[in-house]
Amino acid sequence: MSIQRSFARSVVACAVGSLFAVGGALAGEVEVLHWWTSGGEAKSVVELKKILETKGHKWKDFAVAGGGGENAMTVLKSRVVSGKPPTAAQVKGPSIQEWGAEGVLTQMDGVSKAGNWDGLLPAVVSNVMKYQGHYVAVPVNVHRVNWMWANPEVFKKAGAKIPTTWDEFAVAAEKIQKAGFVAVAHGGQPWQDATVFESVALGVGGADWFNKAFVKLDTGALNSPTMEKSFATLRTVQKYIDKDAANRDWNLATAMVINGKAAMQFMGDWAKGEFTAANKAPGKDYICAPAPGTAGAFTFNIDSFIMFEQKDPEAKKAQADLAAAIMEPQFQEVFNLNKGSIPARSGMDMAKFDQCAKDSTSEFQSSSKSGKLVPSWAHGMAMPSAVQGAMFDVVTQFMNSNMSPKDAAAKMAAAVKAKG
Ligand code: BGC
């Protein structure tokens, strides 16, 4: 055999070898946009990357830091406009519909039918994932937003009791502050302000009013005494936030609770990912409890990935493999153990999960029956993104001025009129 022919043969053999490296699959590169950059979040992303690599594909990380994802969404828009969308992007809630309407998403009919997604996902999850009846997004988890994370040692030192109502909160916070601790760990960023306000409003107004105001965007519910009371309660909470909170990242606020500098934080259960990454045990080193007044209610926030249409067959295959892998029980387990959330897929074995996750699972189920399962508007699950942005502005203006609760309530209604 000539040298040329044997060289040609080995080149072909190599090419075939790499194409069919894993179980005869095409090997593609998947570029994934996300905003998971904190300690607990980064550990979760590693699991996503690993599962993709076990399918023989390559992971191209596209992380855009910034809790709540506002920065990531801005970057995503400019990439799509310039004709270079990533393969997959962390997008959730009604924004999935907004992207669906742009006609740039892959319809995942094949993978979703083969994987029986309709049978495996609760309707409250699958409805959000579909555009015009087709799956265009795949869910990784369900986060509960209305949590309070508390340091029991700090509460003990201050002689304070874990609050279950906002009145009890004020009593406890006063004692904690007098004892020389920061009562509320917070970061002054619009999405964090909205996260706290959302829990306050749910605790003050209850799930029915919450739905009227933030889901139905009813003017009467928005500009109401209940909204005023919610803002007045937010003012009380604000009294117990330290002076250095401006622009502090959420995970640094969580660290203050972990380290015993602060007593509590009002944040979704991605905060638990930070406690887990710091090897802290729930019930012992920290307490997870519903935000005051919100026991039995559940503000849900479902993280999901939308997939952008691909031309290249290898990229298409890699994308489909990623979507299928996300729904596998092994992934849903390990990812959520790190992330602090619960699996999106129903019927999962929860044996390895801690008490907070078990409570979250049972509350998710019971609140869906009692009508107290509500979408988190602070995390993009309830309303068009433009309206959400306008509401964020009102809450943040309120936090940074001496605006009255009455004016704030009127501005919430006006925000919807202007953007709705
Ligand atoms: C996302 C979480 C993320 C958090 C903080 C939320 O909007 O749903 O996955 O951990 O923001 O960045």
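In this predicted model, Glu47 forms a salt bridge with Lys50, and their closest N and O atoms lie 3.3 Å apart. Both residues belong to helix 2 (residues 39-54), where a spacing of three residues places them about one turn of the helix apart. The two partners differ in their surroundings: Glu47 counts as buried, with a relative accessibility of 14%, while Lys50, at 44%, counts as partly exposed.

Salt bridges number 15 in total, and another of them joins the side chains of Glu31 and Arg79, at 2.7 Å from N to O. Here the link runs between distant parts of the chain, since Glu31 sits in strand 1 (residues 29-34) and Arg79 in helix 3 (residues 70-81), 48 residues apart. Glu31 is buried because its relative accessibility is 12%, below the 20% limit; Arg79, at 21%, is partly exposed. A further salt bridge is found between the side chains of Lys284 and Asp285, with an N to O distance of 3.4 Å. In this pair Lys284 is exposed at 61% relative accessibility, and Asp285 is partly exposed at 26%.

Turning to the sheet, five strands are arranged in the order 2-1-3-13-6, forming an open sheet with mixed pairing. Strand 2 (58-63) and strand 6 (137-139) occupy the edges; each has a single partner strand, so one side of each is left without a neighbour in the sheet. From one strand to the next, the twist averages 25 degrees. At the strand 6 edge, the pairing with strand 13 (residues 304-307) is antiparallel and extends over three bridges. Within this pairing, Ala137 has Ile306 of strand 13 as its bridge partner.

How values were computed: Residues numbered from 1 in each chain as written. Predicted model: local features only at pLDDT ≥ 70, side-chain atom pairs only at ≥ 80, totals over all residues. Heavy atoms only, no water. Pairing = 2+ DSSP bridges. Helix = DSSP H or I, 4+ residues; strand = E, 2+ residues; numbered from the N terminus. Axes fitted to C-alpha atoms, helices over the stretch in contact; angles between N-to-C directions. Salt bridge = Lys/Arg side-chain N within 4 Å of Asp/Glu carboxyl O. Buried < 20%, exposed > 50% of the residue type's maximum accessible area, 1.4 Å probe, protein only.
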